[in-house]
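Let's walk through a helix and its surroundings, question by question. Have a look at the structure first.

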Amino acid sequence: MNPAPALEVNNLTKIYGSGCRKCIENTGPDHSRNVCPVCGSVVACADITFDVMPGEILGIVGESGSGKSTIVRCLHFDMEPTGGAAYLRCSGNDSGNENIFLLNSQRKRAVRNLHLGMVYQNPQMGLRLDVTAGGNIAEKLLAAGWQNVEKIRDRGGKLLKRTEIPLERMDEAPRNFSGGMQQRVQIAKALANDPDVLLLDELTTGLDVSVQARILDLIKEIRRSTNAAMILITHDLGVIKLLSERTIVLKDGRIVEMGLTDQILEDPQHEYTQLLVNSVL
Amino acid sequence: MMLTELSNLAGTDSGALEGYNFAFLDEFTKREIRRKILKAVAIPGYQVPFGSREMPLAKGWGTGGLQITLSIIGKSDVLKVIDQGSDESVNAVNIRNLVSRMTGVGTTSDTGRATIIQTRHRIPEEPLTGDQIAVLQVPFPEPLRTIEPSEQVTRRMHAEHDYSGMWLHLYEDIVKHGKITIGARYPCLVNGRHLMDPSPIPRWDVPRLHKSPVIHLFCAGREKRIYAIPPHTAVEPLEFEDYRFETEDFGGKVCERCGSSDTFLDEIIDDATGNARYICSDTSFCEKRQRGEDV
């Protein structure tokens with residue numbers, strides 16, 4: 001029997017602007033544009049349908065502006081989608097059969113605090129840089145109802161150790177940390193509540209290669225030791241090749257190709273994927 | 001000055017100054033404020049916006065408390081006004097005189113005799129009863145303001161019961177200082193729902209709000225907010241399992257005047273000798289003890 005997917009996304013659509021009936025049919029890879037010529041709205045993504053299994057890493061690649069980040073930000077409730085549904089089917093989530101986009105904001109916050117973890121490309125977005133590294137992790141735990149400082153610090157220490165941050169810097173603000181360290185604190189924070197779904201948005205972009213390698217190792221270690229479903233957003237095919245089993249290729253806000261990562265890299269079907277693969281290799 | 005004007009100043013039979021509406025505010029204003037008080041009582045700890053009026057007192061000097069007092073006061077009431085425990089500070093005296101002249105009601109410094117007690121930064125030591133109303137002057141009604149500058153965001157946080165930012169603030173305090181360092185304005189959860197600023201009362205007074213038989217009305221005139229703790233409502237200071245809320249500890253010091261060791265003490269440094277002296281912050285209570293009354 002196949003296990004149930006941890007996350008199911010159906011027809012996710014996000015349009016910036018007033019939107020019109022012609023928006024969807026006038027944009028997309030066939031038109032090579034994501035701005036509707038009729039009303040001028042930007043179709044960031046449309047008709048995005050996919051699912052992720054527990055313990056699986058799903059890669060999403062595409063050029064800048066193709067709508068990658070919009071997908072995970074909608075899933076993390078950082079922005080409201082224009083349409084579509086998502087179902088989070090994990091144990092302990094009482095809203096498993098409800099479209100999470102339609103939950104009220106209090107329940108959305110509960111889903112985010114208890115079941116989701118997010119790592120942004122820019123640590124400034126995911127961390128409070130002036131709050132201590134331990135405090136950043138504590139924030140997630142406090143939101144989930146932890147009320148014992150000793151236990152919070154214990155958990156924070158373990159997570160920082162796992163992400164290779166020296167414990168003596170636990171009570172220092174991440175503002176004083178290097179970019180790679182900030183990114184590792186962000187990962188520790190995202191892992192604080194043992195998330196069922198981990199959203200990774202360009203987590204190695206802008207870091208030098210040796211730091212990149214250690215962070216990718218860390219993600220591999222997390223995959224081995226947890227059962228979290230992960231969505232990995234990147235424009236770097238190397239990262240996709242290393243980490244993800246399945247990959248979605250995005251262009252102008254639409255899925256142009258979806259399948260096993262090996263297949264997509266070795267035998268790309270869509271014109272754009274071919275271009276993408278050839279530009280790297 | 002004309003004779004008629006002089007007789008006006010002398011007051012009417014009831015003792016209230018003529019030429020003004022009873023209790024200074026017009027009846028529509030009183031009605032609005034009473035309606036807002038009812039709403040505040042219905043949602044304990046929730047800050048109800050109201051149209052704060054210009055008062056003959058500078059904003060920030062108790063205009064909120066004054067508006068509540070003037071809206072609820074009746075001819076048979078007896079008023080007590082204190083400022084940090086003292087009946088005799090300039091602010092308390094002036095507010096008491098103003099209300100007295102505008103209503104003709106009697107005033108007292110005896111906590112037990114008062115029906116309305118307007119206070120700034122203290123709750124009287126003598127236990128209040130269900131027949132009394134406590135009116136607290138509030139400078140900053142928003143407990144989340146220390147962590148979030150935007151009113152729009154703090155309102156959303158209250159609506160969603162999202163207080164993790166305040167918990168984080170306490171956690172950081174413990175990490176940096178080994179304990180929670182908030183002195184006055186200690187954030188409290190009211191009725192298990194709304195986080196409330198109990199006004200700058202010392203931590204000493206916070207436990208006395210919990211399930212108190214008294215109705216506590218809070219009003220910030222400058223910030224235009226009314227909130228309330230109805231009688232017998234749970235008021236719990238935020239605390240961790242291993243870092244509990246603590247009241248001030250005076251290390252065994254006693255009041256120099258009445259010898260009390262169970263009251264909130266003011267520390268007064270003698271300029272000449274540099275020595276610290278300790279006296280009760282609640283002057284009326286201290287005097288009662290000095291007279292040997294059983295309080």
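**Helix H5 of chain A and the contact with chain B**

Just past H5(A), A:Glu164 adopts a positive phi of about 60°. This is a predicted model, where local features need pLDDT of at least 70, side-chain atom pairs count only at pLDDT 80 or more, and totals for chains, interfaces and linings use all residues. Residues are numbered from 1 along each chain as its sequence is written, with chains lettered from A and ligands numbered from 1 in the order written.

Q: How far apart are the end C-alpha atoms of H5(A)?
A: Helices here are DSSP runs (H or I, at least four residues), numbered from the N terminus. The expected span is 1.5 Å times one less than the number of residues. For the 14 residues of H5(A) that should be 20 Å, and the end C-alpha atoms agree, at 20 Å apart.

Q: What arc do the buried residues of H5(A) cover?
A: Buried means 20 or more other C-beta atoms within 10 Å of a residue's own, exposed 12 or fewer, with C-beta atoms placed from the backbone. A:Ile152, A:Arg153, A:Arg155, A:Gly156, A:Leu159 and A:Leu160 are buried. Taking directions from the helix axis to the C-beta atoms, they sit on the same side of H5(A), because their arc is only 165°.

Q: Which exposed residues does the face of H5(A) turned away from its buried side carry?
A: On the buried side, the cover includes H4 and H6 (179–191) of chain A, plus H6 (164–177) of chain B. The face turned away carries A:Glu150 and A:Asp154.

Q: How many residues of chain B are in contact with chain A?
A: Contact means C-beta atoms, placed from the backbone, within 7 Å. On the chain A side there are 17 residues, and on the chain B side 14.

Notes
Two residues are in contact if their C-beta atoms, placed from the backbone, lie within 7 Å. Helices (H or I, at least four residues) and strands (E, at least two) are DSSP runs, numbered from the N terminus.
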